[in-house]
Amino acid sequence: MLGWLLAGYLLQAGSVPASACTDLAACLREVDQAARVTPNGAEYRGCDALRQRLLAYGGTAKQALLERARSDRADERNVAGCLLMDWPDWTQADLPALTQAVEREEYGGWIVRALRHFPDAQALPLLAKALQSHGRFDAANQAGAALGQRMPGSLMAAVAYFADAPQAEQDAVVVAISEAIRRDADREKSRRLLVGVAASNSAPPAQRRLALAMLADAGIDADADAERARLRSLARATDPALRFSVRRTLWSVHDVSMLDEEISQCLPEDTHKAVLDEPGVGAATKQVVGDRTLFDCMRWLQALGPRAVPATARVLPYLQAESWRARVGAAETLGLIADRAVAVHLHALLKDRDWQVVAAAVHAEVRLGDRAAVPLLRELAGTHWYAAIRELATSAIAAIDAGRPKGLDDAFQDQLPVWGSPAMVRIVPDLLWGDPLAMPATVCPLPGNSEAPARLVFAEGVLSGTDHGEFGGELSWQPSRGGAQILEQRNVTGMLQVGKHTALVVTGLAHMGSDRAALYRVAILPGGRAQSTRLMNMPVRASDLQTDGTVLFYRSRAGSFRITPHGPEVTVQALDCPAAKASQP
């Protein structure tokens with residue numbers, strides 16, 4: 001799948017100005033010139049135009065290209081494969097040379113796509129060998145494309161051929177074919193064919209299971225009642241392996257028949273009490289039941305939408321969970337389930353200490369069209385410390401007044417495509433791992449007179465932090481007597497001593513689209529042990545952190561803030577910059 005995402009970039013590589021070659025020799029010289037300047041694996045930009053000129057010379061040109069496709073030079077094979085992959089005229093006599101070219105490229109390269117012009121019995125074994133190279137980007141990508149271009153005509157043959165293949169090969173086939181189905185305008189035909197195989201008692205069990213795996217990955221439209229009904233009837237099959245595959249498929253396509261089981265297994269009563277708030281050492285979220293986290297469950301319910309109303313009572317307790325992530329997930333889930341009766345329960349979250357929870361609650365209130373929340377939103381728009389939340393609240397009021405329940409959806413969209421998944425499935429991960437609301441903010445020089453340190457000597461010990469970027473840092477405490485303590489496995493930006501036995505610590509990480517930060521309080525307890533507590537989240541990682549000895553001054557691409565300790569808590573205020581000193585980050 002990653003190959004398909006990257007292929008668009010590769011298509012743009014390597015360019016030679018196309019010329020009107022006067023004869024075959026001139027065209028072949030252009031082929032050789034293109035090979036010298038096109039990076040291996042990239043598609044020559046003039047490929048389509050040059051192919052059209054070469055087609056005028058028919059089989060002679062094709063044979064010359066097949067000879068280059070079997071060359072010892074990788075660059076020649078690459079450009080020849082690009083030209084041949086969409087060559088329209090093939091005969092059985094060409095198959096041996098094409099097979100040699102595919103083998104010469106180790107079942108990768110553009111030449112693999114030419115196999116779509118040959119019958120299933122000849123093409124599928126070669127594509128299978130390409131898929132066996134699953135660890136290679138080019139082989140998996142080109143074989144996937146070739147399989148996809150054969151759909152839906154070769155669908156039944158592919159199911160039969162790959163049903164007994166190794167699991168890694170089957171996984172690659174499922175990805176390739178389900179991707180092709182999702183892209184196909186006539187995808188319902190393919191889905192009906194797969195349901196037919198899955199429901200057929202005369203089909204071999206391995207074929208039925210492979211068809212179900214393809215359906216699980218390709219998805220089934222919510223209103224495809226006939227196909228869903230046939231699958232539900234299989235959930236009572238006597239074959240345990242088939243029954244498991246059917247239930248997995250029904251779960252994957254968000255079938256309402258799985259709702260009761262999902263509620264009982266994924267949201268058992270009182271589970272919200274077990275989801276930890278950013279454990280000091282270890283995973284950021286605690287496993288709930290089985291091998292899926294709470295957030296997988298929440299996303300499943302979100303995709304089910306209003307059909308998940310019976311789950312509302314089990315979701316509501318997570319609005320009071322210790323974990324801010326659980327509160328975000330619950331608010332977004334309730335908004336997408338769209339049961340207006342729960343709107344009042346979201347009001348308290350509009351005053352939550354964590355801006356992500358506030359954002360999720362604002363979004364949910366708009367989804368629910370909760371006019372009773374407008375006074376609270378108006379207060380939020382005028383007082384919240386984060387400008388993006390103030391603007392979101394203002395937009396929310398306008399959306400509620402206009403009766404637009406999806407009026408804020410664009411603010412929460414992920415920037416990466418998610419093949420075959422509704423955009424709403426990406427809403428929660430955005431808030432959990434980054435800041436979809438962050439906008440370039442006016443910044444100015446911070447009023448602090450020194451950089452906040454990453455090491456403090458106090459309370460008969462040393463509190464120190466490290467920042468190793470994507471490889472992770474840690475916050476540790478070394479008392480003068482006794483062993484060291486790792487308090488947090490997070491990158492530390494800086495810290496401030498705020499009492500004889502207390503410090504305020506800022507953490508943050510910006511990497512690969514993830515951008516998050518938080519404030520922690522570290523208290524040195526009697527006996528010399530330390531305890532860290534997360535106080536609240538900041539919008540994005542600080543690019544500069546200064547102090548005057550009593551407060552912290554925090555600058556980031558989302559704005560500049562003053563962080564003031566008050567006993568065990570803190571307050572955050574936006575910094576007003578003098579107009580003469582303001583600039584863009």
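**Aromatic pairs, salt bridges and a few covered elements**

Let me start with Tyr 386, which counts as buried because its relative accessibility is 1%, under the 20% limit. Before going on: this is a predicted model, and everything I say refers to that model.

Phe 561 is in a similar position on the accessibility scale: it is buried, at 2% relative accessible area. Tyr 386 and Phe 561 also belong to one aromatic cluster, together with Trp 355, Trp 385 and Tyr 554.

How many aromatic pairs does the whole structure hold? The search returns 9. One of them is Trp 251 with Trp 300: the ring centres are 6.2 Å apart and the planes are at 15 degrees, so this pair is stacked. Trp 251 sits in helix α14, residues 240–252, and Trp 300 in helix α16, residues 294–304, so the pair ties together parts 49 residues apart in sequence. The two rings are not covered to an equal degree. Trp 251 is partly exposed, at 24% relative accessible area, whereas Trp 300 is buried, at 1%. Now back to Tyr 386 and Phe 561, whose rings make an edge-to-face pair, with 6.4 Å from centre to centre and 75 degrees between the planes. That pair links distant parts of the chain: Tyr 386 is in the loop between α20 (374–383) and α21 (387–402), while Phe 561 is in strand β14, residues 559–566, and the separation is 175 residues.

One more ring, this time with a charge. The charged end of Lys 62 sits over the ring of Trp 90, at 5.5 Å from the ring centre.

Next, salt bridges. The count for the model is 32. I will go through three of them.

Arg 150 and Asp 120 form a salt bridge through their side chains, with N to O at 2.8 Å. Here too, distant parts of the chain are linked: Asp 120 is in helix α7, residues 120–132, and Arg 150 is in the loop between α8 (137–149) and α9 (155–162), 30 residues apart. Is each partner buried or partly exposed? Arg 150 is buried, at 8% relative accessibility. Asp 120 is partly exposed, at 21%, because the limit for buried is under 20%.

The other two share Arg 327. In one, the side chains of Arg 327 and Asp 352 meet, with N to O at 2.9 Å. Arg 327 lies in helix α18, residues 324–337, and Asp 352 in the loop between α18 and α19 (355–368), 25 residues apart. Both ends are covered: Arg 327 is buried at 4% relative accessible area, and Asp 352 at 15%.

In the other, Asp 354 bridges to Arg 327, with 3.0 Å between the closest N and O atoms. Asp 354 is also in the loop between α18 and α19, and its separation from Arg 327 is 27 residues. Asp 354 and Arg 327 are both buried. Through shared partners, salt bridges join Arg 327, Asp 352, Arg 353, Asp 354 and Arg 534 into one network.

Another buried arginine is Arg 228, at 2% relative accessible area. It is located in helix α13, residues 225–234. What does its side chain reach? The backbone oxygen of Val 253, at 2.9 Å. Beyond its neighbours within four places in sequence, Arg 228 is in contact with Ile 220, Asp 221, Ala 222, Val 253, His 254 and Asp 255.

Two secondary-structure elements to finish. Helix α5, residues 74–84, is mostly covered, with 10 of its 11 residues buried. Among the buried ones are Asp 75, Glu 76 and Arg 77, as well as Val 79 and Leu 83. The buried residues of α5 pack against α2 (24–37), α3 (47–54), α4 (58–69) and α6 (95–104).

Strand β4, residues 455–458, has two faces: Leu 456 and Phe 458 are on the covered one, Arg 455 and Val 457 on the uncovered one. β4 runs antiparallel to β5, residues 461–465, and 4 bridges join them. Val 457 has Val 462 as its bridge partner in β5. The two strands form a hairpin with 2 residues between them, and Ala 459 in the turn has a positive phi of about 50 degrees.

Definitions and conventions. Residues are numbered from 1 along each chain as its sequence is written. This is a predicted model: local features need pLDDT of at least 70, side-chain atom pairs count only at pLDDT 80 or more; totals for chains, interfaces and linings use all residues. Side-chain values use heavy atoms; hydrogens and water are left out. A salt bridge is a side-chain nitrogen of Lys or Arg within 4 Å of a carboxyl oxygen of Asp or Glu. Helices (H or I, at least four residues) and strands (E, at least two) are DSSP runs, numbered from the N terminus. Buried means under 20% relative accessible area, exposed over 50%, partly exposed in between (1.4 Å probe, protein chains only). A polar contact is a pair of N or O atoms within 3.5 Å; within protein, one must be able to donate a hydrogen and the other to accept it, and residues adjacent in sequence count only if both atoms are side-chain atoms. Contact means heavy atoms within 4.5 Å. Two strands pair if DSSP finds at least two bridges between them. Rings of Phe, Tyr and Trp (its six-membered ring) pair if their centres lie within 6.5 Å; planes under 30 degrees apart count as stacked, over 60 as edge-to-face and the rest as tilted. A charge sits over a ring if NZ of Lys or CZ of Arg is within 6 Å of the ring centre and within 35 degrees of the ring normal.
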